[in-house]
Amino acid sequence: MTRLRLDGRTALITGATGGIGTATAELFAREGARLVITDVAEEPLRALAHRIEARGAEVVAARLDVSSARDWDEVITAVRDRFAALDVLVNLAGIVDWPGVEDTREEAWDRVIAVNQKGTWLGMKAAMPLLRASGNASVINTSSVLGLVGSGAAAAYQASKGAVRLLSKTAAVEYAQRGVRVNSVHPGVITTPMIQDILDEQGDEQPDIRRTPMRRAGRADEVASAILFLACDDSSFVTGSELVVDGGLTAH
Ligand SMILES: NC(=O)c1ccc[n+]([C@@H]2O[C@H](COP(=O)([O-])OP(=O)(O)OC[C@H]3O[C@@H](n4cnc5c(N)ncnc54)[C@H](O)[C@@H]3O)[C@@H](O)[C@H]2O)c1
C-alpha cells in the first residue's frame, strides 16, 4: 500500500474555502491529514467540512479572520484542546487590490497589509508553540509571482507579498534548529475566484497568460501539489526556499 504523505499529521489551513485553499484541504485529506480548516466565509466552510468529513477525514472548521490576533488565539486553543498537536500551517488567506501607487486608497492599503502580511505573521506567532512541540513541522506561506517581480500595479498587494517572502526566510532561519521548516509558495496566474472576473473577461488573451511560457493559467490543484510537497517529509531538507508555480512566467 502506498504511504499517505500526511498520515497522522494535523494541518491548519487559512483561506480554506478559496480556490487554492479548497484544493489543498481536499488533497491533504486524501493524504491522511487531520484538518483544521478556517476562513471568514462561514457557509462555504461548513460545506467544505461536510464534504471532507464524508470521505472519512477528521476535520474541524473554524471562523478565523487572519488579521485578528484574538481569532488566532481562539483557534489555536481549539486545536490544542482537540488534537493537542499541530504539524503543518498553511497560510493561504489573501485579498487583492489592483491599483498602483497613486490610486491605492489608504484603507485598501491597510486592509491588504493586515490580511496578507500581518495575518501571515500573526498565524506563525500564534501557531509556533504547537509547531515547535511537533518537532517536525512545516509552515507554508503564500506569496505570489507578485512577491518576486514588479508589475507596475497592485501596489499594496505586491508590498504585502514581497514581505511574506522575506518573513518566511527569516522565520526559516530562526526555527531551523527547532523543528519547524518555513517556505513560501509563489503562484502565477491561477484559475480561482480571486481572478475569475479577469479571466472571464480576457480568457487566454490576459497579458500575464500571454507572457506565461506554458501559455495557460494554472489550476488550483497544481498549487496544492506544491504545498503538499513543502508540507510533508519529501521536502525534509527544504527551508527558507521559494517555490514558484507559474508555468515559467518569472523565468524570463
Ligand atoms: N489565484 C491566483 O492567481 C494567485 C496568484 C498568486 C498568489 N495567490 C495567492 O493565493 C492565496 C489563495 O488565493 P486564491 O487564488 O485561492 O483566492 P480566493 O479568493 O479563491 O481565496 C482566498 C480566500 O481567503 C479568504 N479570506 C479573505 N480575507 C480573509 C481574512 N481576513 N481571514 C481569513 N480568510 C480570508 C477568502 O474568504 C477566500 O476563501 C492568496 O494568498 C492569493 O494572494 C493567488
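Okay, let's start with a question: which residues of helix 2 are buried? They are Leu45, Leu48, Ala49 and Ile52. Looking down the axis of helix 2, you see those buried residues fall within an arc of 105 degrees, so they line one face of the helix. If you want the reasoning behind that, an α-helix has 3.6 residues a turn, so residues three or four places apart point the same way.

Before I go on, please remember that this is a predicted model.

Staying with helix 2, the face turned away from the buried side carries the exposed residues Glu43, His50 and Ala54. And what sits over the buried ones? The cover includes helix 1, strand 2 (34-39) and strand 3 (59-63). The length works out too: helix 2 is residues 42-54, and its 13 residues should span 18 Å at 1.5 Å a residue, which agrees with the 18 Å between its end C-alpha atoms. Just after helix 2 you'll find glycine 56, with a positive phi of about 95 degrees.

Now helix 1, residues 19-30, because it turns up again at the ligand: it gives the most to the shell there, with 3 residues. Helix 1 has 12 residues and reaches 17 Å from first C-alpha to last, close to the 16 Å expected at 1.5 Å a residue. Helix 1 is mostly covered, with 10 of the 12 residues buried. Among the buried ones are Gly19, Ile20, Gly21, Phe28 and also Glu26. Helix 1, too, is followed by a glycine with positive phi: glycine 32, near 95 degrees.

On to the ligand itself. There are 28 residues around it, and Gly15, Gly18, Ala93, Gly94 and Thr192 come nearest. By type, the shell divides into 15 nonpolar, 11 polar and 2 charged residues.

Next, the strands. In a regular strand the side chains alternate between the two faces of the sheet. Strand 1, residues 10-13, has Thr10 and Leu12 pointing one way and Ala11 and Ile13 the other, and all are buried. Strand 1 runs parallel to strand 2, joined by 4 bridges. One pairing to click on: isoleucine 13 has isoleucine 37 in strand 2 as its bridge partner.

Strand 5, residues 137-142, is mostly covered, with 6 of its 6 residues buried. Which way do they point? Ala137, Val139 and Asn141 go one way, while Ser138, Ile140 and Thr142 go the other. Strand 4 (residues 88-91) runs parallel to strand 5, and 4 bridges join the two. Leucine 89 stands opposite valine 139 in strand 5.

Helix 5 comes after that. Helix 5 covers residues 155-175, and its 21 residues reach 30 Å from first C-alpha to last, close to the 30 Å expected at 1.5 Å a residue. The buried residues of helix 5 include Tyr157, Lys161, Val164, Leu167 and Tyr175. They pack against helix 4, strand 5 and strand 6 (180-187).

Let me zoom in on a couple of single residues. Alanine 126 is in helix 4, residues 106-134. Is alanine 126 buried or exposed? Buried, because 23 other C-beta atoms lie within 10 Å. Leaving out residues up to four places away in sequence, alanine 126 touches Trp72, Asp73 and Ile76. For tryptophan 72, the separation from alanine 126 is 54 residues in sequence but 6.3 Å in space, C-alpha to C-alpha.

Then there's glutamate 74, in helix 3 (residues 69-83). Glutamate 74 counts as partly exposed because it has 15 C-beta neighbours inside 10 Å. Its C-alpha is 17 Å from that of glycine 15, and the two are 59 residues apart along the chain. Glycine 15, you'll recall, is one of the residues that come nearest the ligand.

Last stop, backbone angles. Most residues other than glycine have a negative phi, and most peptide bonds are trans. Alanine 154 isn't a glycine, yet its phi is positive, about 50 degrees. You'll find alanine 154 in the loop between strand 5 and helix 5, and it counts as buried because it has 20 C-beta neighbours inside 10 Å. Arginine 215 also has a positive phi, near 55 degrees. Arginine 215 lies in the loop between helix 7 (207-211) and strand 8 (218-219). With 11 C-beta neighbours inside 10 Å, arginine 215 counts as exposed.

That's my tour. Over to you.

Methods: Residues numbered from 1 in each chain as written. Predicted model: local features only at pLDDT ≥ 70, side-chain atom pairs only at ≥ 80, totals over all residues. Near = placed C-beta within 6 Å. Nonpolar A, V, L, I, M, F, W, Y, C, P; charged D, E, K, R; others polar. Expected span 1.5 Å × (residues − 1). Arc of directions from axis to C-beta. Contact = placed C-beta atoms within 7 Å. Pairing = 2+ DSSP bridges.
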